[in-house]
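The following exercises concern side-chain contacts in a single protein chain. Each task is followed by a solution that proceeds step by step.

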Amino acid sequence: MFHSVPRRPICEFGAHKRKGLLSIFADHCSFVTGHRLRRACQIGELYSNLYSERTRWTLVGSIWRRFQSKHAPSGKLVAALAGVFMWENEKIKDEEIHRCGLELQTLEPAKCLNTSSGTMTGQQDPSWEIVMEKKDFRVWRRPIPNSHLYEYRVLGSYSDVTPRQFFNVQLDTEYRKKWDSLVIKLEVVDRDAATGSEVVHWATHFPYPMYSRDYLYVRRYFVDVNNNLMILVSRAVQHPRVPETQEFVRVHSYQSKMVIRPHRSFDENGFDYLLTYSDDPQTVFPRYCLSWMVSSGMPDFLEKLHTAALRAKNLEVGIHDYAGVIKSSDTSRQPSQERLSGENPHTGGPGQIYA
């Protein structure tokens with residue numbers, strides 16, 4: 001008697017065949033991926049031998065921007081894993097610079113202060129309240145929504161220093177290490193050649209008994225010759241080259257906007273300025289304590305900044321000329337690379353001018 005051999009369903013044979021094909025395809029993909037990774041490592045080692053660290057990071061950034069334009073949705077995740085700084089997302093855009101200029105224009109009536117109510121004449125937002133009034137400046141504050149912190153606004157003027165020197169003093173990292181005794185570390189760690197934005201790492205002493213803080217922020221400056229304005233904007237970012245350490249307490253929320261309007265020209269004495277500032281120093285002190293620290297520390301900082309600008313004006317020190325050659329509204333002018341020298345000029349600082 002013949003025994004019938006049970007037949008497998010046709011679909012079962014098909015399934016086994018598909019599994020075999022998938023296995024072969026997976027092996028092939030693994031081989032190709034491994035081969036490409038080895039080639040990438042070899043190329044990376046070659047470039048590391050040929051180019052400096054700054055050049056390598058520029059090359060990586062260029063490759064990354066090309067990848068990001070094709071794979072935007074997954075860009076942030078891949079960037080975080082690859083340790084690439086996303087300039088396209090983190091840079092300070094033209095719109096932000098333009099808004100800062102408009103803020104100063106809207107505050108022009110604030111020079112006429114209504115002292116009885118403590119509010120700005122002509123100020124559209126009534127949430128700002130005055131907290132200090134000095135000879136050369138006034139300070140306002142307003143609560144930051146959903147926070148225990150305040151945002152501060154300083155409107156002031158000086159008549160004995162030029163706008164160019166005041167502007168340069170704020171940007172020259174090497175000079176600030178000399179006039180600001182609280183600085184522990186201050187250096188530019190990355191630059192975007194397209195916009196002139198820079199990433200700066202700044203570590204500073206805080207009042208006892210608090211630990212020192214460090215700030216990692218992107219900044220961009222702009223000289224608007226047509227509207228007679230000088231603008232500097234900074235805000236906190238994260239950068240793979242400067243991870244957090246136990247040496248400092250990292251401040252993650254920080255923003256500063258400075259707008260300078262000359263009374264006449266960039267190289268003549270006299271100007272108005274508007275400084276808008278906020279940060280979260282991550283302390284356990286209540287709001288009124290933080291407000292007191294900012295209010296008491298602001299006059300001291302502005303006085304040191306003013307004194308440093310006077311020394312630069314009198315050429316007692318050498319500083320970098322970030323404003324470039326400003327003579328007219330000629331858009332074809334070339335930025336200056338000069339360093340305004342004095343008796344003891346110092347070296348260092350950013351070498352490229354974007355203005």
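**Exercise 1. Classify the exposure of Asp 300, and describe its salt bridge and the network to which it belongs.**

Step 1. In this predicted model, Asp 300 has a relative accessibility of 46% and therefore counts as partly exposed, since that class lies between the limits of 20% and 50%.

Step 2. The side chain of Asp 300 meets that of Lys 304 in a salt bridge, with an N to O distance of 4.0 Å.

Step 3. Both residues belong to helix α8, which covers residues 287-313. Asp 300 and Lys 304 are four residues apart, about one turn of the helix.

Step 4. Through salt bridges with shared partners, Arg 176, Asp 180, Asp 300 and Lys 304 are joined into one network.

**Exercise 2. Determine which parts of the chain are tied together by the salt bridges of Glu 96 and Glu 103.**

Step 1. Side chains of opposite charge can pair when their charged atoms come close. The model has 19 salt bridges.

Step 2. Arg 235 and Glu 96 form one of these, and their closest N and O atoms are 2.7 Å apart. Arg 235 is in strand β9 (residues 229-236) and Glu 96 is in helix α5 (residues 94-106), so this pair ties together parts that are 139 residues apart in sequence.

Step 3. Arg 235 has a relative accessible area of 19% and is buried. Glu 96, at 18% relative accessibility, also counts as buried, because the limit for this class is under 20%.

Step 4. Lys 257 and Glu 103 meet in a salt bridge at 3.2 Å, N to O. Lys 257 lies in strand β11 (residues 254-262) and Glu 103 in helix α5, so the parts tied together are 154 residues apart in sequence. Lys 257 counts as buried, at 15% relative accessibility.

**Exercise 3. Decide how the rings of Tyr 158 and Tyr 273 are arranged, and state where these residues lie.**

Step 1. The count of aromatic pairs in the model comes to 14.

Step 2. For Tyr 158 and Tyr 273, the ring centres are 5.8 Å apart and the planes meet at 15°, so the pair is stacked. The reasoning rests on the cut-off for stacking, which is under 30 degrees.

Step 3. Tyr 158 belongs to strand β5 (residues 150-158) and Tyr 273 to strand β12 (residues 271-279), so the pair ties together parts that are 115 residues apart in sequence.

Step 4. Tyr 158 counts as buried at 5% relative accessibility, and Tyr 273 counts as buried at 0%.

**Exercise 4. Describe the pair formed by Trp 202 and Tyr 215, and name the cluster that includes them.**

Step 1. The ring centres of Trp 202 and Tyr 215 lie 4.7 Å apart with their planes at 25°, so this pair is stacked.

Step 2. Trp 202 is in strand β7 (residues 198-204) and Tyr 215 is in strand β8 (residues 213-224); the two are 13 residues apart.

Step 3. Trp 202 counts as buried at 11% relative accessibility, as does Tyr 215 at 3%.

Step 4. Ring pairs link Trp 202 and Tyr 215 with Tyr 217, Tyr 254 and Tyr 277 in a cluster.

**Exercise 5. Identify the rings over which Arg 141 and Arg 213 are placed.**

Step 1. Arg 141 lies over the face of Tyr 150, 4.1 Å from the ring centre.

Step 2. Arg 213 has its charged end over the ring of Phe 206, at 5.1 Å from the centre of that ring.

Conventions: Residues are numbered from 1 along each chain as its sequence is written. This is a predicted model: local features need pLDDT of at least 70, side-chain atom pairs count only at pLDDT 80 or more; totals for chains, interfaces and linings use all residues. Side-chain values use heavy atoms; hydrogens and water are left out. Rings of Phe, Tyr and Trp (its six-membered ring) pair if their centres lie within 6.5 Å; planes under 30 degrees apart count as stacked, over 60 as edge-to-face and the rest as tilted. Buried means under 20% relative accessible area, exposed over 50%, partly exposed in between (1.4 Å probe, protein chains only). A charge sits over a ring if NZ of Lys or CZ of Arg is within 6 Å of the ring centre and within 35 degrees of the ring normal.
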